[in-house]
Every structure is written in C-alpha cells, then in structure tokens.
Amino acid sequence: AADSNASSNTITTGSNNLSIAGAEAGDLITVNAAALLDNKTLTLSGAADITVNNLIADISATNSGTLSVTLADAPAISISSSGGSTTSIDATALADDRTLTVSGSDSTTITGLQADLVATNQTGALDVTTVAVAGLSIATGSGSNTIHAEALTDDQVLTLTGDDAATITLSAGDLNAATDSGVLTVTIAADSNASSNTKIGRAHV
C-alpha cells in the first residue's frame, strides 16, 4: 500500500512465479531473483522503481517507474516492459549462444551483450552495446534501433535481421545484413589497429 514517504524494500524470490506491485512512485524495490527458476515469470506492476538482480526467469513489467535488470546465465530470457518509463538490462553474464528476447513500449537499454537478441516485438526505442564475441545476431524492433558494436574485433560478425531502421557503429568487426530490409546507417569508428570490415545488405555508410 502507498504511504506518504518514499521507501525501499528488498524481496528475495522463491522458485515459482511471483507478482510484485509497488504502489507508490519514488519507492525502490530491489528483487533478488536468484532462486526464481528458468521459464518462471516475475510480474511487476505499480508505480515504484524496481531493480532485479540474478535473473534467469522471465519478466512481464507494467510498472510506471524505472526497471533495472541484471541477468544471470540461462538458455533463454524474455523481458517485456510497457510501463511508460525506461528499462535497463545488464546482459554481461548471459553467455554467447544464449537468447535474450525483449518486447514492449518502454525505451530499453542493453549493455554487455554477447548473447543473441530478439527485439521483433519491441516498439520502444532500443539501445544496445555489445562486447567482443565471435558472432551474435540482433533482430531489430519497430522503434529506433541503435547498436554500439565497437567492441567487436576483426572477423567477429554482427548479423542483423528485420525490416526496421537501425544505426550501427563498428570499429573492427563485420556486419552481415543480407536478410535485413530496413534502412541502415553504419559508422566505422576509429580503431587503434588496422582492420577490414565487411558490410552486406542495405547499408548506408
């Protein structure tokens, strides 16, 4: 229930589905989701700002406060956020060849990405920063798509799919957009080492 003062709460999940409603704007709820099993769902609502740590389960969020998520490692994780605020996801611990799916209308920022990303049903703005990884794929959403792939090294490949506009920055890595039909804007950033880049598809540099 709402009270007149901002407060902070810590919740440690069990292993099964869990719903959390944070009634009051300005409150902060921190969720330790380490015990919540893969393929279970954490449902978030209300007005509070919510931070979720150690996530391998899925999230369905409509809270109007901010949502901050730190992932653990699992074969696939899905996060849907449509509360009207912003969502940030630290994907550093999600390993290569895993899949992160994001959807919803909230502006979403993802950092530390080495897993594959599916944002096909993402309507809010998407901003992604990758790490160095041999190969990863990103399926873009219908909002704005900004991809910072400067960490990719020579011969590492970003595969882009979708039909929506995207802005991509590379330094030494390569881009394969052969099956992407959206308008692409690609910037090759300065790199301290000599490199070669391959751009395939409808790329405007």
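**Notes on the predicted model**

1. Let me start with one residue pair: Ile168 stands opposite Val186, the latter in β19. Ile168 itself belongs to β17, where Ile147 stands opposite it. These pairs come from a predicted model, so please read what follows as a description of that prediction.

2. The strands around that pair are worth a look together. β17 covers residues 166-170 and pairs with β19 (residues 184-188) in the parallel sense, over 5 bridges. β17 also pairs in the parallel sense with β15 (residues 145-149), here over 4 bridges. Of the 5 residues in β17, 4 are buried, which leaves the strand mostly covered.

3. How many of the residues of strand β1 are buried? The number is 0 of 5, so β1 (residues 8-12) lies largely in the open. β1 does have a partner: 5 bridges join it to β3 (residues 28-32), and the two strands run parallel. Within this pairing, Thr10 has Thr30 of β3 as its bridge partner.

4. On confidence, the protein chain has an average pLDDT of 93, and 91% of the residues score at least 70. The stretch to treat with care is residues 200-205, where pLDDT stays under 50. The model has 19 contacts beyond four places in sequence for that stretch, so I would read them with the score in mind, given that pLDDT is the predictor's confidence in each residue.

5. Now to charges. Side chains of opposite charge can pair when their charged atoms come close. The salt-bridge count for this model comes to 1. It is formed by the side chains of Arg98 and Asp73, with 3.1 Å from N to O. This pair links distant parts of the chain, 25 residues apart: Arg98 sits in the loop between β9 (86-90) and β10 (99-103), and Asp73 in the loop between β7 (67-71) and β8 (76-81). Arg98 counts as partly exposed because its relative accessibility is 27%. Asp73, at 35%, counts as partly exposed too.

6. Which residues have the most contacts inside the largest nonpolar core? They are Val52 and Leu100, in a core of 48 residues. Leaving aside neighbours within four places in sequence, Leu100 is in contact with Leu71, Ile77, Ile79, Ile89, Leu94, Ile110, Leu113, Asp116, Leu117 and Val118.

7. Ser81 is a polar residue to check on your screen. Its place is in strand β8. Is Ser81 buried or exposed? Its relative accessibility is 2%, so Ser81 counts as buried. The side chain of Ser81 makes a polar contact with the side chain of Thr87, at 3.0 Å. Beyond four places in sequence, Ser81 touches Thr87 along with Ala61, Leu67, Ser103, Gly104, Ser105, Asp106 and Thr108.

8. Gln114 lies in the loop between β11 (107-113) and β12 (116-118). What does the side chain of Gln114 reach? One target is the backbone oxygen of Thr92, at 3.3 Å; another is the backbone oxygen of Leu94, at 3.4 Å. Both residues appear among the contacts of Gln114 outside its own stretch of sequence, which also include Ala95, Asp96, Val131, Val133 and Leu136. From Gln114 to Gly135 is 21 residues in sequence and 8.1 Å in space, C-alpha to C-alpha.

9. The loop between β3 and β4 (41-46) holds Asp38. With a relative accessibility of 25%, Asp38 counts as partly exposed. Setting aside residues within four places in sequence, the contacts of Asp38 are Ile56, Ala57, Ala74, Pro75 and Ala76. Ser68 is 30 residues away from Asp38 along the chain, and their C-alpha atoms are separated by 19 Å.

10. Finally, two backbone angles to look at. Asn39, also placed in the loop between β3 and β4, has a phi near 75°, a positive value in a residue other than glycine. Asn39 counts as exposed because its relative accessibility is 61%. Asp97 likewise has a positive phi without being glycine, near 70°. Asp97 lies in the loop between β9 and β10, and at 64% relative accessibility it counts as exposed.

Methods:
Residues are numbered from 1 along each chain as its sequence is written. This is a predicted model: local features need pLDDT of at least 70, side-chain atom pairs count only at pLDDT 80 or more; totals for chains, interfaces and linings use all residues. Side-chain values use heavy atoms; hydrogens and water are left out. pLDDT is the predictor's confidence in each residue, from 0 to 100. Contact means heavy atoms within 4.5 Å. Buried means under 20% relative accessible area, exposed over 50%, partly exposed in between (1.4 Å probe, protein chains only). Two strands pair if DSSP finds at least two bridges between them. A salt bridge is a side-chain nitrogen of Lys or Arg within 4 Å of a carboxyl oxygen of Asp or Glu. A polar contact is a pair of N or O atoms within 3.5 Å; within protein, one must be able to donate a hydrogen and the other to accept it, and residues adjacent in sequence count only if both atoms are side-chain atoms. A nonpolar core is a set of buried Ala, Val, Leu, Ile, Met, Phe, Trp, Tyr and Cys residues joined through side-chain atoms within 4.5 Å.
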